[in-house]
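Reader: I am new to this structure and would like to learn how to read it step by step. Could you take me through its features, giving the general idea before each case?

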Amino acid sequence: MGEYFTLFMGAVIVNNFVLTRFLGLCIFFGVSKNLNASIGMGMAVTSVMTLSSILAWIVYNYVLHPYGLTFLTTAVFVVLVASFVQLLEMIIKKHAPALYGMWGIYLVLIATNCIVLGVPLLNAESNFGFVKSIVFAIGSGAGFALAIILMASLREKLQYADVPKSLEGLGIAFVLAGMLALSFMGFSGMIPL
Amino acid sequence: MNNNDSLWDIFYKGLFDQNPIFRLALSLCPALAVTSTAINALAMGLSVMFVITANNTVISLFRRWVNPKVRVPVYITSIATIVTVVQLVLEAYFPELFRALSIYLALIVVFAIILARAEVFAAKNTVVPSFFDGLGMGTGFAGAMVLIGVIRELFGAGTIFGLEVFGAGYDPILIMILPPGGFILIGLMIGAFNIYSARQAKIGAARAKACTACAQGSEA
C-alpha cells in the first residue's frame, strides 16, 4: 500500500507531469485562461488517461511483449489512444448528451496529446504492473489537473496586472509557469525515487 | 499556397515568420524537457526536422489517393512509422542520446506542428515544395531548440556542447538547467521575439512612409 501511495504522490507533486516533465503543455497553456474550463479539462484528462492506460497495458502485456513486437509500441499506442478517445466521444455523445455538452470539446482536444500518450509509454518503459499502471495514471492526471487549475486561477488574476506589452499572453504565461514549477521544486526530495 | 512563392520563400518562412516554437506556440512539449543541454536539444531538433521533412514528402506523394475522410489516421500512421525509424536508428547508433531523450522521442508522433504541416501544406502541394516546407519548419524548430539548449547549458553548467566556456571559477546558475529555468527562459525569449518582430514591422512601415514622402517630394 505504501508503495502505491508513494507512486501516486510522486506523480502528483514531485514529478508533476506539466511542471517537471513538460508534458501536455499545449492544453496547459491553451485552456488555462478560464478556471471552469480548466477544471473540466483536468477531469477529462484524468479519466481518459486512466482508461487508455488500462487499454494500453493490456495490449502491451498480452500482444506486443509476448510476440516481440515492442518496437511497434509507439505506432500502436498512438493509434490505440486516438481511436479510443474517438470511440469514447461517440459513446458519450449518444448516451450522455449532457456530459458531452460539458466535456465533448476537451475530448476532441486530447485525442492526440502528449500527456495522454505519455503515461502508457512511461508505464511500458518502467514495466509497471496492472495496479501500478492505474495508480500512476490517476496520479499523473491529478497532477495535471492540479497544475492547470492553479495556473488558471493565477491567470485570471493576471488579467488585472499591467504586463509589459511584449510579454502579454504566452510570454508571461511561461514565466508564470516557471514560478509555479519553482514552487513545486520544493517537493523534490520529499519522496525518494 | 501561391505558386509564385519560390522554394527559398517556402523554406525561409519556417525560420522566422512562422517559427514553430516562438511564433505558433505549437509542439512546445518537447522543447523544454530536452533542452537542458545543447547536444540533447540538437538531437531532438534534428529528429523532428527529419520526421517533418520525410512526412511532408510522403503525404504529398500520396495525396491523390488518400480519402479526405480518413486523412488524419493516415497522417498519424505515416508519422508514427517515421518516428519508429528514427527511434531504432538512434537506439542502434547513439544509445546515450536515445536514453537521454527517452519517451520524448516517441512523443514526436503527437507534435501538433507535424500534423499541421501535413494538413495545411503537404496535402495541397506537390512533392518539391512540401519537402522544402518541411525542411524550413524543421530547421526553424531545430534552430530554436539549439538556441534554448545553448543558453541553458551555458548559464546552468558553464559549458556549450560540453566544452568549458567560463572556466573553472564559474559558479553555475543551477536553475537554468532545471525545469523552472526552462519555462522562464522560453517566456522571456517569446517576449524578445515579439519585440524584434514589432521593431521589424515598424522599420518596414517607416520605410514605406519615407518612400511615399520622397515620391510626393519629387512630384512637388
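Author: Let us begin with a single residue and its surroundings, keeping in mind that this is a predicted model. Leaving out residues up to four places away in sequence, Val45(A) touches Ile110(A), Ile115(A) and Val116(A), and also Gly141(A), Phe144(A) and Ala145(A).

Reader: What is the largest nonpolar core, and which residues touch the most other members of it?

Author: The general idea is that in soluble globular proteins, nonpolar side chains tend to be buried together. In this model the largest nonpolar core has 108 residues, and the ones that touch the most other members are Val45(A), Val78(A) and Val51(B). The element that gives the most to this core is helix H3 of chain B, residues 38-61, with 13 residues. There is also a second, separate core of five residues, which includes Ile10(B), Phe11(B), Phe131(B) and Phe132(B).

Reader: How should I read the packing of two helices, for instance H6(A) and H7(A)?

Author: Two packed helices are described by the angle between their axes and the distance between the axes. Here helix H6 of chain A, residues 114-125, packs with H7(A) at an angle of about 150°, and their axes are 10 Å apart. The crossing in which H6(A) passes H7(A) is right-handed.

Reader: Which residues of H6(A) and H7(A) meet?

Author: It helps to recall that an α-helix has 3.6 residues a turn, so residues three or four places apart point the same way. From H6(A) come Ile115(A), Val119(A) and Asn123(A), and these meet Ser133(A), Phe136(A), Ala137(A), Ser140(A) and Phe144(A) in H7(A). Sorted by class, this contact of H6(A) with H7(A) has five nonpolar residues, three polar ones and no charged ones.

Reader: Staying with helix H7 of chain A, is Ala142(A) buried or exposed?

Author: Ala142(A), which is found in helix H7 (residues 130-158) of chain A, counts as buried because it has 21 C-beta neighbours inside 10 Å, where 20 or more are required. Once its neighbours within four places in sequence are left aside, Ala142(A) is in contact with Val12(A) and Thr46(A). Ala142(A) also shows how the chain brings distant positions together, for Phe8(A) is 134 residues away from it in sequence, while the two are 9.1 Å apart in space, C-alpha to C-alpha.

Reader: Which residues of helix H1 of chain A are buried, and what do they pack against?

Author: In helix H1 (residues 2-14) of chain A, the buried residues are Gly10(A), Ala11(A), Val12(A) and Ile13(A). They pack against H7 and helix H8 (170-185) of chain A.

Reader: What does chain A look like as a whole, in its helices and strands?

Author: Chain A has eight helices and zero strands. Its radius of gyration is 18 Å, close to the 16 Å that the globule rule gives for 193 residues, so chain A is as compact as a globular protein of that length. Of these 193 residues, 43% count as buried. Among the contacts in chain A with a separation of 6 or more, 78% are between residues 24 or more positions apart.

Reader: How many residues of chain B are in contact with chain A?

Author: The size of an interface is often given as the accessible area lost when the parts come together, but here we can count residues. In this model 31 residues of chain B are in contact with 33 residues of chain A. On the side of chain B that touches chain A, the largest share, 11 residues, comes from H8(B). By class, that side has 24 nonpolar, seven polar and no charged residues.

Key
Residues are numbered from 1 along each chain as its sequence is written. Chains are lettered from A and ligands numbered from 1 in the order in which they are written. This is a predicted model: local features need pLDDT of at least 70, side-chain atom pairs count only at pLDDT 80 or more; totals for chains, interfaces and linings use all residues. Two residues are in contact if their C-beta atoms, placed from the backbone, lie within 7 Å. Helices (H or I, at least four residues) and strands (E, at least two) are DSSP runs, numbered from the N terminus. Ala, Val, Leu, Ile, Met, Phe, Trp, Tyr, Cys and Pro count as nonpolar, Asp, Glu, Lys and Arg as charged, and the others, Gly among them, as polar. The radius of gyration is taken over C-alpha atoms; the globule rule is 2.2 Å times the number of residues to the power 0.38. A residue is buried if 20 or more other C-beta atoms lie within 10 Å of its own, exposed if 12 or fewer, and partly exposed in between; C-beta atoms are placed from the backbone. A nonpolar core is a set of buried Ala, Val, Leu, Ile, Met, Phe, Trp, Tyr and Cys residues joined through C-beta atoms within 7 Å. Axes are lines fitted to C-alpha atoms, for helices over the stretch in contact, and angles run from 0 to 180 degrees between N-to-C directions. A crossing is left-handed if the near helix is turned anticlockwise from the far one by less than a right angle, and right-handed if clockwise.
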